[in-house]
Amino acid sequence: MASRRGAVDRGHSGTGQAHGDQPAARHGARAGTTLREPHRVLSRAAWSSRAASRLLLGQLIETFAPSGPVVLGIDDTIERRRGKRIAAKGIYRDPVRSSHGHFVKASGLRWISPMLLAPVPWAGRVWALPFLTALAPSERYCRVRGLRHKKLTDWARQLVVQARRWLPGRDIVVVGNSGFAALELLAAVGRHKVTSITRLRLDAALYNPAPPRLPGTNGRPRTKGARLPNLSEVLASPGAVWQRITVPGWYGEGERSVEICTATAVWRHGGMPVVPIRWVLIRDPQQRFDPPPCWWTPQISSCGSEVP
């Protein structure tokens, strides 16, 4: 017994019990290894987390999204950690405990992750399946160490472009919250043929596209046309054209009938890139939620007919 127990403790195959942990020992004996060997691989072996993420994404795509557009969600989360040795932590807004009129702070590490959004047959709904995660250190951490601080949208751009490189032949649609409605981010991923969907402010500056430049015109080319009404004005306008559609699987409640109003425009802000968009206003005929505006870039038309 002593020799078998020693063999198990040293990480070799054996049938003995390790420190009285009978279930663990039996599992190790059946698997032909012990529970220490996975830790040894992670702590000593040379391996690439990026390569592992690529393999994981490939398996997820093959299983849940073998054809059609690849829909990715992107979001950040706070891991609540304290202590002197947690150097990259920062103070952030707690999205769970905060509300529109109440601001709650949380200390911890901020992680950002792209996720494959795909229907899971046995769950009966769409699951978010993470395949790559990056730590977004706080601004204070970077300042103390003399590093360039990257905003959350910078990390998002890198992760989305990485996913595009891994999926060169597929249409990609990225869905994010209002925190990712940044012109620099949207213009950058648009150059890589990635369609973005997120929430847009009701007072965003929207314009008609720039008119054709006439021959012999001096000066810089125009980047925008006439200013369009704010989305808040469109929402209250009696002349707005609304179309009723049925959305399946509305937050686990089954089908939900909503009304949409949509058009195209260019979104522009001084000193920022000009991004062509299709905006969509959504309202509930039963008035059970406030109308959140959404928009996406014109490339979505190549992925389906979600909006006419």
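Arg244 stands opposite Glu259 in strand 10, and that pairing is a handy way into this predicted model. Strand 10 covers residues 256-267 and runs antiparallel to strand 8, with 2 bridges between them. From there we can move on to the cations over rings, the surroundings of Asn230 and the nonpolar cores.

**Strand pairing around strand 10**

- Strand 9 (residues 243-247) is joined to strand 10 by 5 bridges, and the two run antiparallel.
- Strand 11 (residues 275-283) also pairs with strand 10 in the antiparallel sense, here over 9 bridges.
- If you want residues to click on, Thr262 has Val280 in strand 11 as its bridge partner.
- On the strand 8 side, Tyr207 is bridged to Val266 of strand 10.

**Charges and rings**

- Tyr207 has a second role to look at: the charged end of Arg227 sits over its ring, 5.5 Å from the centre.
- Arg283 lies over the face of Trp242, and the distance to the ring centre is 4.0 Å.
- As for rings meeting rings, a search of the whole structure turns up 1 aromatic pair.

**Around Asn230**

- Arg227 appears again here, since its side chain and that of Asn230 are joined by a polar contact of 2.8 Å.
- Asn230 is found in the loop between strand 8 (206-207) and helix 8 (231-236).
- Leaving aside residues up to four places away in sequence, Asn230 touches Leu202, Asp203 and Ala204.
- Asp203 is 27 residues from Asn230 in sequence, while their C-alpha atoms are 5.3 Å apart in space.

**Nonpolar cores**

- The largest nonpolar core has 32 residues, and Leu72, Ile112, Leu116 and Phe131 have the most contacts inside it.
- Several elements each supply at least two residues of this core: helix 4 (49-64), strand 1 (70-79), strand 3 (105-120), helix 6 (152-166), strand 6 (172-175) and helix 7 (183-190).
- Helix 6 gives the most to this core, with 7 residues.
- A second, separate core has 17 residues, among them Leu186, Leu231, Trp242 and Ile277.
- Trp242 thus turns up twice, as a member of that second core and as the ring beneath Arg283.
- Back in the largest core, Leu72 touches Met115, Leu116, Leu117, Phe131, Ala163, Ile172, Val173, Val174 and Val175, not counting residues up to four places away in sequence.
- As general background, nonpolar side chains in soluble globular proteins tend to be buried together.

Definitions and conventions
Residues numbered from 1 in each chain as written. Predicted model: local features only at pLDDT ≥ 70, side-chain atom pairs only at ≥ 80, totals over all residues. Heavy atoms only, no water. Phe/Tyr/Trp six-rings, centres within 6.5 Å; stacked < 30°, edge-to-face > 60°. Lys NZ or Arg CZ within 6 Å of the ring centre and 35° of its normal. Core = buried A, V, L, I, M, F, W, Y, C linked by side-chain atoms within 4.5 Å. Buried < 20%, exposed > 50% of the residue type's maximum accessible area, 1.4 Å probe, protein only. Helix = DSSP H or I, 4+ residues; strand = E, 2+ residues; numbered from the N terminus. Contact = heavy atoms within 4.5 Å. Polar contact = N/O pair within 3.5 Å; in protein donor to acceptor, adjacent residues only side chain to side chain. Pairing = 2+ DSSP bridges.
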